Amino acid sequence: MAKPHTDLLKQFGLNRNPFTDRTAEKTGLDDLSLYIRSDLQGFKPSSETYVFFGRRGSGKTTIRLQMQRVYQQYNEEARAAGRSRGHFIVDLSRPGHLTACLRTFQESVGCTDDNWDSAFSDNWTSADMVDSILSFAATELVNTVTDQYSADGKEMLERIRADPRASKEFLLLAHLYARTDTASLAFLRRTLLRPKYTAKEVSLGAVAALSVAGGVTAASRNEAVVDALAEPAEALWEQVDAAVPLLTARPKLTLLLAGLAAAGGVAYYLKRRTVRGLNRARSITSVVRVVKQQDTETIARLLNAMFTFGDSAETIRQLFVGVSGHQKLELLSRLVRMLGYESLAVFGDCFDEVGLRGEVVLLDPVLYPGAIKVFAREVCRNDILNFGRMHFFFPDSRLALDLNTDKTLKEARFDRHFVRDLTWSRHQLEELAERRFLAAQQQRQAQQQLYASPGGGGGGENGGTRSAYTFADLFKAVKVEDFSSYLSKLSTPRELMIMMTEMMARMEAHPEGGLTAQDMEISVTKALEQAV
């Protein structure tokens with residue numbers, strides 16, 4: 001066995017320290033280095049709803065990224081085979097989106113950071129959560145169809161134009177929920193709004209108008225026709241003169257007053273029509289509190305162009321926008337399927353990392369314990385979870401989030417869905433550490449074999465042979481009972497990574513003695529202090 005030295009990577013045959021990656025984004029999702037639970041192995045896109053609860057560092061984001069990778073692979077295969085565009089993914093964990101929704105909601109309810117916890121608890125509903133999903137979807141779809149260089153966008157836009165109902169749904173979705181510029185919305189209105197009269201109807205109207213004008217011109221040149229039409233007019237004028245002499249005495253004044261009355265009537269009608277249109281627009285936009293829509297006048301003009309004044313705001317919401325959360329999701333799902341996708345899939349994670357202006361985390365369980373509980377409760381409703389293809393990851397246990405009450409359990413119906421509290425035993429943590437250690441060794445061996453191959457620049461040290469060390473060799477000086485006792489104090493993979501990083505550092509500092517029980521105790525203590 002080689003003499004111990006401070007180069008631990010060389011000593012143990014590692015390509016790098018395998019315990020420094022404490023977040024899922026840095027692991028590379030190498031299956032060899034990850035511990036995959038049995039009921040998640042072989043995961044494939046399905047209509048199942050998944051809900052995970054766990055502390056920070058318990059592996060939620062790792063699972064989410066693995067699931068999204070499977071969806072991405074499926075989408076690529078579906079596109080390559082020409083079956084479909086795959087699944088339309090709504091990723092609420094994308095930085096910035098949910099932050100913007102919560103910021104707009106904060107402005108809508110008129111609260112500040114000081115009273116955010118109580119204001120959020122009193123006002124936030126599942127409809128606001130669904131609106132956040134619709135906002136992401138609308139923004140993505142609008143960006144795609146307005147991209148002049150996107151072949152998919154052009155093809156999707158043609159599909160929308162070919163379906164009158166889809167055109168209305170998409171225009172409403174874009175104007176109510178999309179975070180985009182006014183030029184893009186104007187382009188959609190020009191492209192998707194249908195004129196009230198078709199070219200054929202306009203042509204027929206023009207022909208009819210010309211025919212009438214020609215007939216009138218011809219009749220005016222025939223004295224017999226002129227005399228026949230003048231007799232009734234003269235009789236009417238005589239009756240008016242007998243009844244109201246003042247009108248016939250001043251004909252110009254009479255015509256002026258009649259004109260003013262007609263103009264006033266038209267102005268009153270147009271004003272009433274405008275007010276009704278604005279009130280209808282306000283009624284539709286007022287229920288959306290997580291997105292800043294376009295100005296009311298623009299929304300009113302859009303509604304007037306698509307609907308008659310007999311269509312109330314409630315009717316429009318019911319048919320084209322949706323009232324309940326489940327109905328909104330159904331309408332959105334139907335729209336994306338029409339655009340060539342197979343279904344709608346939603347991912348939500350990192351809720352406790354959603355901050356405002358880089359300072360305040362609006363769903364921080366410590367700063368705002370009531371807000372994160374209400375947020376989780378409103379998401380975990382059966383009308384949302386039962387929609388299918390929902391994947392939510394919450395930053396604490398069900399018990400800590402008050403989701404184990406009888407009322408919540410009846411509303412959520414967790415028994416119908418895949419619900420998991422992410423807890424880790426010492427055996428699972430030990431296997432995870434072994435997997436990390438083994439993966440780093442195999443990566444080192446693969447690199448050495450590559451260098452040792454013809455043209456690879458010569459063989460490295462040990463020639464790519466298996467390392468003489470295993471993960472268990474790190475703890476030779478630690479009793480089995482001590483090892484189990486200290487490892488049992490850890491509850492998340494992140495705590496394990498911090499502990500192992502500290503232990504590797506202590507080994508580098510004192511290579512002659514190896515790890516002892518005291519070293520392990522100190523490392524575990526530091527891991528528990530640093531993990532949050």
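Modeller: A cavity is a set of grid points where a 1.4 Å probe fits but cannot get out. The model examined here is a predicted one, and the search of the whole structure finds three cavities of 30 Å³ or more.

Biologist: How much space lies in the largest cavity?

Modeller: The largest cavity holds about 110 Å³. The volume is the space filled by probe spheres set on the points, so the figure of about 110 Å³ describes the room those spheres occupy.

Biologist: What makes a residue part of the lining of the largest cavity, and which residues line it?

Modeller: A lining residue has an atom within 4 Å of a point. The residues lining the largest cavity include L134, E169, Y177, F320 and K328. Among the others are L172, L173 and L176.

Biologist: Which elements supply at least two residues each to that lining?

Modeller: They are α7 (164-177), α14 (313-321) and α15 (325-338). The largest share, five residues, comes from α7.

Biologist: Why is the space of about 550 Å³ called a pocket?

Modeller: A pocket is an open set of points, whereas a probe in a cavity cannot get out; the space is therefore classed by its openness and not by its volume. The largest pocket has a volume of about 550 Å³. Of the 30 residues lining this pocket, G59, K60, T61, T62 and R494 are the closest to its centre. Two or more lining residues come from each of α2 (60-81), α19 (426-452) and α21 (493-509), and α2 gives the most, with five.

Biologist: Where is R37, and how do you know that R37 has no salt bridge?

Modeller: R37 lies in the loop between α1 (8-12) and β1 (50-53). The nearest side chain of opposite charge, D39, is 6.4 Å away. A salt bridge requires the side-chain nitrogen to be within 4 Å of a carboxyl oxygen, so R37 and D39 do not form one. R37 is nevertheless buried, which means that its relative accessible area is under 20%.

Biologist: What does the side chain of R37 reach at 3.1 Å, and what makes this a polar contact?

Modeller: The side chain of R37 reaches the backbone oxygen of T423. The distance of 3.1 Å falls within the 3.5 Å limit, so the pair counts as a polar contact. Setting aside residues up to four places away in sequence, R37 touches R420, L422, T423, W424 and Q428.

Biologist: What share of the protein chain is buried?

Modeller: Buried residues make up 44% of its 532 residues. The chain has 22 helices and seven strands.

Technical notes. Residues are numbered from 1 along each chain as its sequence is written. This is a predicted model: local features need pLDDT of at least 70, side-chain atom pairs count only at pLDDT 80 or more; totals for chains, interfaces and linings use all residues. Side-chain values use heavy atoms; hydrogens and water are left out. Helices (H or I, at least four residues) and strands (E, at least two) are DSSP runs, numbered from the N terminus. Buried means under 20% relative accessible area, exposed over 50%, partly exposed in between (1.4 Å probe, protein chains only). Lys and Arg count as positive and Asp and Glu as negative; His and the chain ends are not counted. A polar contact is a pair of N or O atoms within 3.5 Å; within protein, one must be able to donate a hydrogen and the other to accept it, and residues adjacent in sequence count only if both atoms are side-chain atoms. Contact means heavy atoms within 4.5 Å. On a 1 Å grid over the protein atoms alone, a cavity is a set of points where a 1.4 Å probe fits but cannot get out, and a pocket is an open set with protein on both sides within 12 Å along at least five of seven lines; lining residues have an atom within 4 Å of a point.
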